[in-house]
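Here are my notes on the model you sent, set out as numbered points. I begin with the internal space and then turn to the sheets, the helices and the aromatic side chains.

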Amino acid sequence: MIFKTDLGDEIHRYQKSLVVLFKGKRKVLSTSPINGGYNEDLKAVFNNDCNPGAGIACELKAPTYEEHMELIAEELGLNSNSAAGIGTAASMDNVSIQVENHEGLSVTAVVTGGVEVNGGRVGDPASYDERKELAEVKKARGTINIILEINVDLTPAALTRALVTCTEAKTAALQELMAPSRYSTGLATGSGTDGTILICNGDSPYLLTNTGKHSKLGELIGRSVKSAVKEALHKQSGLNPKDQRSVLKRFDRYGLTEESLWRRYCHLAGSQPLQKPDFIHNLHVLEREAKLVAYASLYIHLLDQYDWQLLNQWEIEETAAVILENVQKLLNVKAPEEITISGDDHLIGRLTGYFEEVMVRAAGKLEEKPPHNIPGGDGDV
């Protein structure tokens, strides 16, 4: 047993799982493939790590995910008819448990998570159509799983509203970490396989009807989930504010990576005066420079706002040019007026290419190249 909630429910960790055993009547709303949806007859819930080891794909123990989870429940010593469970490839050793209290109200968030491979933004292109094919659950690598327990009774509507508040809190945590989608240039709002289990106290004399952001209970849900999601992601994959203070981490979703920078360096340098390890070393030193990270953040936000149609092309080009001039001054390099970019010659690709070129010249010690001005730039940020 690793934790006991304010309701006395015990959280046990064994067989790569977290199991919550109920000590009273509980109302549950879950995304579980077994006994999912709304249920008042459950005795336990669980979160299971299906990952057999590093570099090994998760394999189902039955033809369907539902049957697989029924087998997992039985292996954990639970009755599959009175338990709900969710699965993940994240380690149960990296769980975060956060509790928020206020004048007798108590919310406990139990979270495991990873988004480094499977992070996505709602509305990203789909991976499959269930009418035509089954999801390849065994290949899932990222998942944010949340078990949330509330110590008072809730109406079914309020419990459902709590799911909305809980999901908003998860997304807010990802936005504050600038976690990237792996399927678009957007910021992640979750992973493609997230699971959630909400629990409230059916024995409580207090029956509440509001779990939205205006209610105190909604605030406690938001604070506990957001804190737990952030800590779980830090434990699982090192995703934290300090780690995100990186030009490469910020620009990754727009295709600016170690490999893209190395390829452009090879094109510019010709004879490759630097070997790849030396170039990558210079790049890693450079891309953590505080002012450069700040300039990159402003630059990327312009690209985001163009994608969201909040700023037009002229506004983006003019402002990006000003930022880029300051970057050139900071790094003491110049970029050419025209560059060749891969893919369609659209604004975002062109502006990303300009920033990439400046980074390459600085990391590759190519300051001696004939300087050219970026068109349109004038003045300091």
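1. This is a predicted model, and I start with its largest cavity, where strand 11 provides the largest share of the lining, namely three residues. Strand 11 (143-150) and strand 9 (105-114) each contribute at least two residues to that lining.

2. The structure holds one cavity of 30 Å³ or more, and the space in the largest cavity comes to about 40 Å³. Its lining is made up of Thr5, Ile11, Val20, Thr108, Val110, Ile147, Leu148, Glu149 and Ile199. By class, six of these lining residues are nonpolar, two are polar and one is charged.

3. Which strands make up the open sheet of six, and in what order do they lie? The order is 5-4-14-11-9-8, and the pairing is mixed. Strand 5 (37-39) and strand 8 (96-102) are the edge strands, each of them pairing on one side only. From one strand to the next, the twist averages 15 degrees.

4. At one edge of this six-stranded sheet, strand 4 (residues 26-30) and strand 5 run antiparallel and are joined by three bridges, with Leu29 standing opposite Tyr38 of strand 5. Helix 2 (residues 156-176) packs on the sheet, where it touches strand 4, strand 5, strand 11 and strand 14 (195-201), and the direction of helix 2 makes about 135 degrees with that of strand 14. Helix 3 (residues 216-237) also packs on the sheet, but its contacts are with strand 8, strand 9 and strand 11, and its direction makes about 30 degrees with that of strand 9.

5. At the other edge, strand 8 and strand 9 are antiparallel and joined by seven bridges. The two form a hairpin with two residues between them, and in the turn Glu103 has a positive phi of about 45 degrees, a value that could be looked at in the backbone shown above. Val99 has Thr108 of strand 9 as its bridge partner, and Thr108 is also among the residues that line the largest cavity.

6. A further open sheet consists of five strands in the order 1-2-3-6-7, again with mixed pairing. Why is one side of strand 1 and of strand 7 left without a neighbour in the sheet? Strand 1 (3-4) and strand 7 (83-88) stand at the edges and have a single partner strand each, so one side of each has no neighbour there. Helix 1 (residues 65-75) packs on this sheet, touching strand 6 and strand 7, and the direction of helix 1 makes about 110 degrees with that of strand 7.

7. Within the five-stranded sheet, strand 3 (residues 17-21) pairs with strand 6 (residues 44-49) in the antiparallel sense, over five bridges. One position in this pairing can be given by name: Leu21 has Ala44 in strand 6 as its bridge partner. Strand 3 spans residues 17-21, and Val20 appears in the lining of the largest cavity.

8. Finally, a search of the whole structure finds six aromatic pairs. One of them, formed by Tyr265 and Phe279, is stacked, with 4.7 Å from centre to centre and 25 degrees between the planes. This pair links distant parts of the chain, since Tyr265 lies in helix 5 (residues 258-269) and Phe279 in helix 6 (residues 276-286), 14 residues apart.

Definitions and conventions: Residues are numbered from 1 along each chain as its sequence is written. This is a predicted model: local features need pLDDT of at least 70, side-chain atom pairs count only at pLDDT 80 or more; totals for chains, interfaces and linings use all residues. Side-chain values use heavy atoms; hydrogens and water are left out. Two strands pair if DSSP finds at least two bridges between them. Helices (H or I, at least four residues) and strands (E, at least two) are DSSP runs, numbered from the N terminus. Contact means heavy atoms within 4.5 Å. Axes are lines fitted to C-alpha atoms, for helices over the stretch in contact, and angles run from 0 to 180 degrees between N-to-C directions. On a 1 Å grid over the protein atoms alone, a cavity is a set of points where a 1.4 Å probe fits but cannot get out, and a pocket is an open set with protein on both sides within 12 Å along at least five of seven lines; lining residues have an atom within 4 Å of a point. Grid points are joined across faces, edges and corners, and a volume is the space filled by probe spheres set on the points. Ala, Val, Leu, Ile, Met, Phe, Trp, Tyr, Cys and Pro count as nonpolar, Asp, Glu, Lys and Arg as charged, and the others, Gly among them, as polar. Rings of Phe, Tyr and Trp (its six-membered ring) pair if their centres lie within 6.5 Å; planes under 30 degrees apart count as stacked, over 60 as edge-to-face and the rest as tilted.
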